[in-house]
Amino acid sequence: MTSPGRSCPLSYRYAPEELAREPQLAADSLWIAGGLYGNPFALDCLIDLYERERGPKALVFNGDFHWFDAQTDLFQQINQEVLSFPALRGNIEAELAGPERDAGCGCAYPEWVDDGTVERSNAIMERLRAVARDTRRLAALPMHLVAQIGAARIGIVHGDAGSLAGWAFSRETLSTAEGRLAAREAFDAAHIDVFASSHTCLPVLQRFGDARAIANNGSAGMPNFRGERYGLVTRISTFPERSAIYRARCKDVYVEAVPVRYDHEAWERAFLELWPPGSPAHRSYYERIRNGPSYTVGQALSDELLDEATTP
Ligand SMILES: [Fe+2]
């Protein structure tokens with residue numbers, strides 16, 4: 001797979017062992033927001049929610065905070081607000097900062113994503129590049145971060161345990177025995193109890209016994225479930241949050257999917273101004289923005305995972 005948008009540049013890769021290090025931050029509650037995709041209304045809503053969190057806390061943006069914000073002022077606004085918190089680079093920021101030849105959008109899309117989607121993603125990236133500023137700062141963002149919450153070591157990544165644009169924490173991969181085996185090996189190599197990821201744009205919560213879990217938040221700035229209009233963030237804390245859509249216990253912490261119920265009407269208006277009908281983002285994402293993807297909470301937990309995780 002070498003066509004633009006399909007490849008995974010070497011600079012995106014790292015060894016899981018790199019995460020076997022001292023934690024860079026510790027808190028009682030950790031919020032992880034991947035896939036904001038340039039939605040300023042989701043960002044406002046998320047910051048409001050986070051400000052209400054009690055006790056020692058941290059908020060980390062784990063990549064792809066830009067995407068639909070292909071307008072100079074909006075791009076700057078998102079950049080400034082997000083970079084006032086710890087942040088990782090996603091493939092979008094990596095490609096803005098130092099485009100790899102033929103990487104396109106840098107998504108490293110697997111074969112189950114169709115060619116039209118890949119081509120439109122590359123077109124969106126070209127428009128975003130034209131307004132991007134501060135790209136050297138984006139290039140300097142790390143690809144992973146380690147946090148300590150209660151007794152749990154948290155590995156925050158954008159893709160998976162080996163690549164910024166990896167798909168190993170997708171439902172498709174984790175529903176296979178090989179995928180779960182590879183995940184167990186990654187937990188061992190990284191000395192991590194909970195991986196928090198994003199990238200695949202659809203949420204997953206999978207436990208591995210009582211002590212390990214993968215929490216993929218899907219998207220903070222787009223709907224994640226059929227018929228719903230809220231984004232999702234991952235919250236990992238020593239105590240539960242009432243609004244969580246679902247959660248799992250892992251060691252002494254709660255791993256939860258918390259809804260970001262942003263102003264949909266305002267976002268839809270802003271999106272249509274930026275990306276009118278016929279534009280690549282409209283063709284790829286408008287239906288999802290309005291009605292959600294064809295994905296359910298049951299799929300995020302998946303049949304064989306359902307008895308391991310619980311809905312509150
Ligand atoms: Fe991504």
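**Exercises on pockets, an iron site and burial**

The second largest pocket is lined by W31, L49, R52, E53, R54, R235, F239, P240, E241, R242 and S243. The model is predicted: local features need pLDDT of at least 70, side-chain atom pairs count only at pLDDT 80 or more, and totals for chains, interfaces and linings use all residues. Residues are numbered from 1 along each chain as its sequence is written, and side-chain values use heavy atoms, with hydrogens and water left out.

**Exercise 1. Describe the second largest pocket by volume and by residue class.**

Step 1. Fix the term: on a 1 Å grid over the protein atoms alone, a pocket is an open set of points with protein on both sides within 12 Å along at least five of seven lines, whereas a cavity is a set where a 1.4 Å probe fits but cannot get out; lining residues have an atom within 4 Å of a point.
Step 2. The second largest pocket holds about 240 Å³ of space, a volume being what probe spheres set on the grid points fill, with points joined across faces, edges and corners.
Step 3. Its lining divides into four nonpolar, one polar and six charged residues. Here Ala, Val, Leu, Ile, Met, Phe, Trp, Tyr, Cys and Pro count as nonpolar, Asp, Glu, Lys and Arg as charged, and the others, Gly among them, as polar.

**Exercise 2. Work out which residues and helices form the largest pocket.**

Step 1. The volume of the largest pocket is about 750 Å³. Its lining has 34 residues, and T117, T200, C201, L202 and R288 are the closest to the centre.
Step 2. Helices α3, α4 (115–131), α6 (171–174) and α9 (280–291) each give at least two residues to this lining. Helices (H or I, at least four residues) and strands (E, at least two) are DSSP runs, numbered from the N terminus.
Step 3. Helix α9 has the largest share of the lining, with six residues.
Step 4. By class, the largest pocket is lined by 16 nonpolar, 10 polar and eight charged residues.

**Exercise 3. Identify the donors of the iron ion and classify their arrangement.**

Step 1. D64 (OD), N91 (OD1), H158 (NE2) and H199 (ND1) coordinate the iron ion at 2.1 to 2.2 Å. Donors are N, O and S atoms within 2.8 Å of the metal (3.2 Å for Na, K and Ca); water is not among the atoms, so sites may look incomplete.
Step 2. The angles between the four donor atoms run from 90 to 164°, so the arrangement is irregular. Four donors count as tetrahedral if all angles lie between 85 and 135 degrees; four count as square planar and six as octahedral if opposite donors are over 155 degrees apart and all others between 65 and 115; anything else is irregular.
Step 3. Along the sequence, the donor spacing reads D-x26-N-x66-H-x40-H. N91, in helix α3 (residues 91–97), and H199, in the loop between β7 (194–197) and β8 (204–208), are 108 residues apart and link distant parts of the chain.
Step 4. N91 has a relative accessible area of 0% and is therefore buried; H199, at 4%, is also buried. Buried means under 20% relative accessible area, exposed over 50%, and partly exposed in between (1.4 Å probe, protein chains only).

**Exercise 4. Find which residues that are not glycine have a positive phi, and place them in the chain.**

Step 1. H199 has a positive phi of about 55° without being a glycine.
Step 2. D134 is not a glycine either, and its phi is positive at about 60°. D134 sits in the loop between α4 and α5 (135–139).
Step 3. With a relative accessible area of 37%, D134 is partly exposed.

**Exercise 5. Locate the enclosed space and state what lines it.**

Step 1. There is one cavity of 30 Å³ or more, and the largest cavity has a volume of about 60 Å³.
Step 2. Thirteen residues line the largest cavity, with N216, T234, Y246, E256 and A257 nearest its centre.
Step 3. Strands β8, β9 (212–216), β10 (231–237) and β12 (253–260) each supply at least two of the lining residues.
Step 4. Nine of the lining residues are nonpolar, three polar and one charged.

**Exercise 6. Summarise the chain and place F271 in it.**

Step 1. The chain has 11 helices and 12 strands, and 58% of its 312 residues count as buried.
Step 2. Its C-alpha atoms fill a box of roughly 45 × 40 × 35 Å along the principal axes.
Step 3. F271 belongs to helix α8 (residues 264–274) and is buried at 0% relative accessibility.
Step 4. Between F271 and I289 there is a separation of 18 residues in sequence and 9.3 Å in space, C-alpha to C-alpha.
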